Amino acid sequence: MSDKARNIAFLGTGLMGAPMVRRLLGAGFPVTVWNRDKTKAEALAQDGAVVADTPAAAVNGAAVVFTMLSDGNAVGDVLFSKGVADALAAGAIVIDSSSISPKQAREHAGKLAERGIRHLDAPVSGGVVGATAGTLAIMAGGDEALVGQLADVFAPLGRVTYVGPSGTGQLAKLGNQQIVAVTIGAVAEAMMLVEAGGGSREAFRRAIRGGFAESRILDVHGQRMVERSFGNAGPSRLQLKDLNNILAEAESLSLTLPLTEAVRSEFAEFVANGGGDTDHSGLLLHLEKKNTGAGE
(Lines give C-alpha, C1' and ligand atoms only; values in the text may rest on other atoms or scores of the structure.)
Protein backbone atom coordinates (compact mmCIF):
# COMPACT_ATOMS: atom_id res chain seq x y z
CA MET A 1 0.00 0.00 0.00
CA SER A 2 1.41 3.38 -0.95
CA ASP A 3 2.10 6.02 1.69
CA LYS A 4 -0.65 8.22 0.23
CA ALA A 5 -3.17 5.45 0.96
CA ARG A 6 -2.25 5.30 4.65
CA ASN A 7 -4.66 7.08 6.93
CA ILE A 8 -3.06 9.64 9.22
CA ALA A 9 -4.46 10.86 12.55
CA PHE A 10 -3.17 14.15 13.93
CA LEU A 11 -3.71 14.88 17.62
CA GLY A 12 -3.11 18.50 18.60
CA THR A 13 -3.96 21.11 15.97
CA GLY A 14 -2.73 24.30 17.63
CA LEU A 15 -0.22 26.84 16.30
CA MET A 16 2.13 24.18 14.91
CA GLY A 17 -0.25 21.28 14.38
CA ALA A 18 -2.73 23.08 12.13
CA PRO A 19 -0.26 24.10 9.40
CA MET A 20 1.36 20.65 9.55
CA VAL A 21 -2.05 19.08 8.93
CA ARG A 22 -2.60 21.39 5.96
CA ARG A 23 0.74 20.34 4.50
CA LEU A 24 -0.19 16.64 4.83
CA LEU A 25 -3.61 17.24 3.28
CA GLY A 26 -2.02 19.19 0.45
CA ALA A 27 0.25 16.23 -0.25
CA GLY A 28 -2.78 13.96 -0.66
CA PHE A 29 -2.87 12.15 2.66
CA PRO A 30 -6.25 11.48 4.30
CA VAL A 31 -6.05 13.07 7.77
CA THR A 32 -8.38 12.81 10.77
CA VAL A 33 -7.82 15.44 13.44
CA TRP A 34 -8.56 15.93 17.12
CA ASN A 35 -7.85 18.83 19.43
CA ARG A 36 -8.84 19.47 23.04
CA ASP A 37 -10.39 22.78 21.90
CA LYS A 38 -12.52 21.33 19.12
CA THR A 39 -12.89 24.66 17.30
CA LYS A 40 -9.21 24.48 16.35
CA ALA A 41 -9.78 21.06 14.78
CA GLU A 42 -13.02 22.11 13.08
CA ALA A 43 -11.18 24.95 11.34
CA LEU A 44 -9.33 22.27 9.34
CA ALA A 45 -12.51 20.68 7.95
CA GLN A 46 -12.56 23.19 5.10
CA ASP A 47 -9.09 21.97 4.12
CA GLY A 48 -10.35 18.38 3.88
CA ALA A 49 -9.63 17.02 7.35
CA VAL A 50 -12.09 14.72 9.12
CA VAL A 51 -12.80 15.98 12.66
CA ALA A 52 -13.11 13.46 15.51
CA ASP A 53 -14.70 14.01 18.91
CA THR A 54 -12.12 12.00 20.87
CA PRO A 55 -8.48 11.00 20.39
CA ALA A 56 -9.45 7.32 20.30
CA ALA A 57 -11.98 7.97 17.55
CA ALA A 58 -9.41 9.96 15.58
CA VAL A 59 -6.92 7.09 15.48
CA ASN A 60 -9.44 4.37 14.62
CA GLY A 61 -8.08 2.79 11.45
CA ALA A 62 -5.02 5.07 11.34
CA ALA A 63 -1.69 3.68 10.19
CA VAL A 64 0.25 6.74 11.31
CA VAL A 65 -0.54 8.99 14.29
CA PHE A 66 1.10 12.35 14.91
CA THR A 67 0.96 13.94 18.35
CA MET A 68 1.72 17.65 18.72
CA LEU A 69 0.80 18.44 22.32
CA SER A 70 1.95 20.81 25.04
CA ASP A 71 4.16 18.53 27.13
CA GLY A 72 5.01 14.95 28.02
CA ASN A 73 2.20 14.59 30.51
CA ALA A 74 -0.34 15.64 27.88
CA VAL A 75 1.13 13.13 25.42
CA GLY A 76 1.02 10.33 27.98
CA ASP A 77 -2.55 11.19 28.92
CA VAL A 78 -3.75 11.10 25.31
CA LEU A 79 -1.89 7.91 24.47
CA PHE A 80 -2.63 5.85 27.55
CA SER A 81 -5.55 7.44 29.45
CA LYS A 82 -7.73 8.61 26.57
CA GLY A 83 -7.65 5.30 24.72
CA VAL A 84 -5.32 5.95 21.80
CA ALA A 85 -2.98 3.03 22.47
CA ASP A 86 -5.96 0.71 22.93
CA ALA A 87 -7.57 1.87 19.68
CA LEU A 88 -4.48 1.39 17.52
CA ALA A 89 -3.79 -1.84 15.68
CA ALA A 90 -0.48 -3.63 16.06
CA GLY A 91 1.95 -2.26 13.50
CA ALA A 92 0.63 1.28 13.68
CA ILE A 93 3.18 4.08 14.06
CA VAL A 94 3.09 6.95 16.54
CA ILE A 95 5.20 9.98 15.61
CA ASP A 96 5.46 12.32 18.59
CA SER A 97 6.38 15.80 17.36
CA SER A 98 5.75 17.38 20.76
CA SER A 99 8.70 18.73 22.73
CA ILE A 100 8.96 16.48 25.80
CA SER A 101 11.73 15.03 27.96
CA PRO A 102 13.87 12.24 26.46
CA LYS A 103 12.98 10.05 29.45
CA GLN A 104 9.26 10.39 28.75
CA ALA A 105 9.83 9.67 25.06
CA ARG A 106 11.65 6.45 25.92
CA GLU A 107 8.91 5.45 28.36
CA HIS A 108 6.19 6.03 25.77
CA ALA A 109 8.13 4.06 23.16
CA GLY A 110 8.53 1.14 25.55
CA LYS A 111 4.87 1.03 26.57
CA LEU A 112 3.72 1.19 22.95
CA ALA A 113 6.20 -1.50 21.89
CA GLU A 114 4.55 -3.87 24.37
CA ARG A 115 1.39 -3.49 22.28
CA GLY A 116 3.17 -3.93 18.96
CA ILE A 117 2.95 -0.22 18.15
CA ARG A 118 6.02 1.50 16.72
CA HIS A 119 7.14 4.93 17.96
CA LEU A 120 9.39 7.76 16.85
CA ASP A 121 10.16 10.86 18.86
CA ALA A 122 10.35 13.49 16.13
CA PRO A 123 10.20 17.03 17.52
CA VAL A 124 10.47 19.92 15.09
CA SER A 125 12.05 23.35 14.83
CA GLY A 126 11.17 26.20 12.51
CA GLY A 127 8.10 27.68 14.15
CA VAL A 128 4.79 28.47 12.52
CA VAL A 129 6.56 29.91 9.48
CA GLY A 130 8.42 26.65 8.89
CA ALA A 131 5.32 24.54 9.53
CA THR A 132 3.36 26.56 7.00
CA ALA A 133 6.10 26.45 4.36
CA GLY A 134 6.97 22.78 4.91
CA THR A 135 10.55 23.63 5.87
CA LEU A 136 10.66 22.28 9.42
CA ALA A 137 13.80 20.71 10.82
CA ILE A 138 12.61 17.31 12.09
CA MET A 139 14.82 15.42 14.56
CA ALA A 140 13.97 11.72 14.75
CA GLY A 141 14.82 9.20 17.44
CA GLY A 142 13.93 5.51 17.29
CA ASP A 143 14.29 2.93 14.53
CA GLU A 144 16.36 4.30 11.64
CA ALA A 145 14.69 1.99 9.11
CA LEU A 146 11.28 3.27 10.18
CA VAL A 147 12.35 6.85 9.54
CA GLY A 148 13.27 5.83 6.02
CA GLN A 149 9.94 4.08 5.50
CA LEU A 150 8.14 7.29 6.44
CA ALA A 151 10.10 9.52 4.07
CA ASP A 152 7.01 10.44 2.05
CA VAL A 153 5.09 11.31 5.21
CA PHE A 154 7.83 13.60 6.48
CA ALA A 155 8.55 15.18 3.07
CA PRO A 156 5.62 17.66 3.04
CA LEU A 157 6.59 18.85 6.52
CA GLY A 158 10.30 19.51 6.11
CA ARG A 159 13.72 17.87 6.37
CA VAL A 160 13.99 14.85 8.65
CA THR A 161 17.29 13.74 10.17
CA TYR A 162 17.76 10.48 12.05
CA VAL A 163 19.64 11.27 15.26
CA GLY A 164 19.83 7.95 17.12
CA PRO A 165 17.85 5.61 19.36
CA SER A 166 14.63 6.43 21.16
CA GLY A 167 14.82 9.72 23.04
CA THR A 168 17.63 11.25 21.00
CA GLY A 169 15.22 13.18 18.78
CA GLN A 170 14.09 14.95 21.94
CA LEU A 171 17.72 15.43 23.00
CA ALA A 172 18.42 17.10 19.66
CA LYS A 173 15.40 19.38 20.14
CA LEU A 174 16.63 20.28 23.62
CA GLY A 175 20.04 21.09 22.12
CA ASN A 176 18.30 23.26 19.55
CA GLN A 177 16.36 25.11 22.25
CA GLN A 178 19.53 25.46 24.29
CA ILE A 179 21.27 27.24 21.40
CA VAL A 180 18.18 29.38 20.72
CA ALA A 181 17.87 30.54 24.33
CA VAL A 182 21.54 31.33 24.83
CA THR A 183 21.71 33.14 21.48
CA ILE A 184 18.61 35.21 22.24
CA GLY A 185 20.27 36.26 25.49
CA ALA A 186 23.52 37.10 23.69
CA VAL A 187 21.80 39.18 20.99
CA ALA A 188 19.74 41.05 23.58
CA GLU A 189 22.77 41.86 25.74
CA ALA A 190 24.84 42.94 22.72
CA MET A 191 22.08 45.33 21.60
CA MET A 192 21.90 46.78 25.10
CA LEU A 193 25.67 47.27 25.15
CA VAL A 194 25.75 49.09 21.81
CA GLU A 195 22.75 51.26 22.65
CA ALA A 196 24.09 52.16 26.10
CA GLY A 197 27.23 53.48 24.40
CA GLY A 198 25.23 55.68 22.03
CA GLY A 199 24.87 53.38 19.05
CA SER A 200 21.73 52.30 17.19
CA ARG A 201 20.58 48.74 17.80
CA GLU A 202 19.11 48.67 14.28
CA ALA A 203 22.40 49.80 12.72
CA PHE A 204 24.30 47.34 14.92
CA ARG A 205 22.15 44.47 13.66
CA ARG A 206 22.71 45.53 10.05
CA ALA A 207 26.43 45.94 10.60
CA ILE A 208 27.01 42.39 11.82
CA ARG A 209 24.74 40.64 9.33
CA GLY A 210 26.79 38.27 7.19
CA GLY A 211 29.62 38.11 9.72
CA PHE A 212 30.38 35.31 12.16
CA ALA A 213 27.49 36.39 14.40
CA GLU A 214 24.91 35.86 11.65
CA SER A 215 22.12 33.51 12.64
CA ARG A 216 18.43 32.89 12.28
CA ILE A 217 18.07 34.34 15.78
CA LEU A 218 19.77 37.58 14.76
CA ASP A 219 17.58 37.70 11.66
CA VAL A 220 14.13 37.03 13.15
CA HIS A 221 14.40 37.66 16.88
CA GLY A 222 16.88 40.47 16.41
CA GLN A 223 14.37 42.23 14.18
CA ARG A 224 11.71 41.83 16.88
CA MET A 225 14.10 43.42 19.37
CA VAL A 226 14.77 46.34 17.01
CA GLU A 227 11.05 46.89 16.40
CA ARG A 228 10.15 46.14 20.04
CA SER A 229 7.34 44.04 18.64
CA PHE A 230 7.57 40.66 20.34
CA GLY A 231 4.17 38.96 20.01
CA ASN A 232 3.71 35.45 21.36
CA ALA A 233 4.87 33.12 18.58
CA GLY A 234 7.37 31.39 20.89
CA PRO A 235 6.04 31.86 24.43
CA SER A 236 8.75 32.30 27.05
CA ARG A 237 7.01 29.83 29.37
CA LEU A 238 7.64 27.10 26.78
CA GLN A 239 11.26 28.21 26.41
CA LEU A 240 11.57 27.90 30.19
CA LYS A 241 10.01 24.43 30.08
CA ASP A 242 12.63 23.36 27.57
CA LEU A 243 15.46 24.85 29.63
CA ASN A 244 14.22 23.01 32.71
CA ASN A 245 14.17 19.76 30.72
CA ILE A 246 17.68 20.45 29.41
CA LEU A 247 19.11 20.93 32.88
CA ALA A 248 17.29 17.89 34.25
CA GLU A 249 18.73 15.79 31.44
CA ALA A 250 22.19 17.32 31.99
CA GLU A 251 22.03 16.39 35.66
CA SER A 252 21.15 12.80 34.80
CA LEU A 253 24.20 12.73 32.50
CA SER A 254 26.47 14.36 35.13
CA LEU A 255 26.99 17.45 32.98
CA THR A 256 27.39 21.05 34.13
CA LEU A 257 26.06 23.64 31.63
CA PRO A 258 26.83 27.09 33.09
CA LEU A 259 25.62 29.17 30.13
CA THR A 260 22.33 27.27 30.02
CA GLU A 261 21.93 27.62 33.78
CA ALA A 262 22.42 31.39 33.53
CA VAL A 263 19.90 31.93 30.74
CA ARG A 264 17.43 29.58 32.44
CA SER A 265 17.59 31.77 35.55
CA GLU A 266 16.78 34.89 33.50
CA PHE A 267 13.85 33.23 31.71
CA ALA A 268 12.54 31.96 35.06
CA GLU A 269 12.50 35.53 36.40
CA PHE A 270 10.92 36.87 33.21
CA VAL A 271 8.13 34.29 33.33
CA ALA A 272 7.58 34.81 37.07
CA ASN A 273 7.20 38.54 36.44
CA GLY A 274 4.45 38.08 33.86
CA GLY A 275 6.38 37.44 30.65
CA GLY A 276 5.25 33.84 30.19
CA ASP A 277 3.15 34.44 27.08
CA THR A 278 5.59 36.91 25.50
CA ASP A 279 7.79 35.61 22.68
CA HIS A 280 11.18 34.52 23.98
CA SER A 281 12.83 37.42 22.13
CA GLY A 282 11.11 39.53 24.78
CA LEU A 283 13.83 38.47 27.21
CA LEU A 284 15.28 41.81 26.14
CA LEU A 285 12.60 43.57 28.19
CA HIS A 286 13.59 41.63 31.31
CA LEU A 287 17.30 42.37 30.84
CA GLU A 288 16.59 46.06 30.28
CA LYS A 289 14.60 46.27 33.50
CA LYS A 290 17.44 44.62 35.41
CA ASN A 291 19.84 47.26 34.12
CA THR A 292 17.96 50.52 33.94
CA GLY A 293 14.33 50.04 34.90
CA ALA A 294 13.51 50.62 31.23
CA GLY A 295 11.41 48.35 29.09
CA GLU A 296 7.66 48.01 28.90
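# Exercises on a predicted model

Four bridges join strand S1 to strand S4 (residues 64-67), and the two strands run parallel. The model used in these exercises is predicted.

**Exercise 1.** Find which strands pair with S1, and name the bridge partners of Ile-8.

Solution.
1. Begin with S4: in this strand, Val-64 is the bridge partner of Ile-8.
2. Now take strand S2 (residues 31-34), which runs parallel to S1 and is joined to S1 by four bridges.
3. In S2, Ile-8 has Val-31 as its bridge partner.
4. Add the helix: S1, helix H1 (residues 17-26) and S2 form a β-α-β unit, and its hand is right-handed.

**Exercise 2.** Sort the residues of S1 by the direction in which they point, and state whether they are buried or exposed.

Solution.
1. In a regular strand, side chains alternate between the two faces of the sheet.
2. Strand S1 covers residues 8-11; Ile-8 and Phe-10 point one way, while Ala-9 and Leu-11 point the other way.
3. All of these residues are buried.
4. Take Leu-11 as a check: its relative accessible area is 0%. The cut-off for buried is under 20%, so Leu-11 counts as buried.

**Exercise 3.** List the residues that Leu-11 touches, leaving out residues up to four places away in sequence.

Solution.
1. Locate Leu-11 in strand S1.
2. The residues touched are Trp-34, Pro-55, Ala-58, Val-59, Val-65, Phe-66, Thr-67, Met-68, Leu-69, Val-78 and Val-84.
3. For a C-alpha distance, take Arg-36, which is 25 residues from Leu-11 along the chain: the two C-alpha atoms are separated by 8.8 Å.

**Exercise 4.** Work out which strands pair with S5, and follow the bridges of Ile-93.

Solution.
1. S4 pairs with S5 in the parallel sense, over four bridges. Here Val-64 stands opposite Ile-93.
2. S5 also pairs with strand S6 (residues 118-121), again parallel and over four bridges. The partner of Ile-93 in S6 is Arg-118.
3. Look at the side chains of S5 (residues 93-96): Ile-93 and Ile-95 point one way, Val-94 and Asp-96 the other way, and all are buried.
4. With helix H6 included, S5, H6 and S6 make a right-handed β-α-β unit.

**Exercise 5.** Describe how helix H4 (residues 72-81) packs on helix H6 (residues 102-113).

Solution.
1. The angle between H4 and H6 is about 10°, and their axes are 10 Å apart.
2. Angles under 35 degrees count as roughly parallel, so H4 is roughly parallel to H6.
3. On the H4 side, the contact is made by Gly-72, Asn-73, Val-75, Gly-76, Leu-79 and Phe-80; on the H6 side, by Gln-104, His-108, Lys-111 and Leu-112.
4. Sorted by class, the contact of H4 with H6 has four nonpolar, five polar and one charged residues.

**Exercise 6.** Compare phi, place and exposure for Arg-228 and Ser-254.

Solution.
1. Arg-228 is not a glycine, yet its phi is positive, about 55°. Ser-254, also not a glycine, has a positive phi of about 60°.
2. Arg-228 is in the loop between helix H12 (216-227) and helix H13 (236-252). Ser-254 is in the loop between H13 and helix H14 (258-275).
3. The relative accessible area of Arg-228 is 36%. This value lies between the cut-offs of 20% and 50%, so Arg-228 is partly exposed.
4. Ser-254 has 67% relative accessibility, which is over 50%, and therefore counts as exposed.

Technical notes:
Residues are numbered from 1 along each chain as its sequence is written. This is a predicted model: local features need pLDDT of at least 70, side-chain atom pairs count only at pLDDT 80 or more; totals for chains, interfaces and linings use all residues. Side-chain values use heavy atoms; hydrogens and water are left out. Buried means under 20% relative accessible area, exposed over 50%, partly exposed in between (1.4 Å probe, protein chains only). Two strands pair if DSSP finds at least two bridges between them. A crossover is right-handed if, with the strands pointing away from the viewer, the path from the first strand over the helix to the second runs clockwise. Contact means heavy atoms within 4.5 Å. Axes are lines fitted to C-alpha atoms, for helices over the stretch in contact, and angles run from 0 to 180 degrees between N-to-C directions. Angles under 35 degrees count as roughly parallel, over 145 as roughly antiparallel, 65 to 115 as roughly perpendicular and the rest as oblique. Ala, Val, Leu, Ile, Met, Phe, Trp, Tyr, Cys and Pro count as nonpolar, Asp, Glu, Lys and Arg as charged, and the others, Gly among them, as polar.
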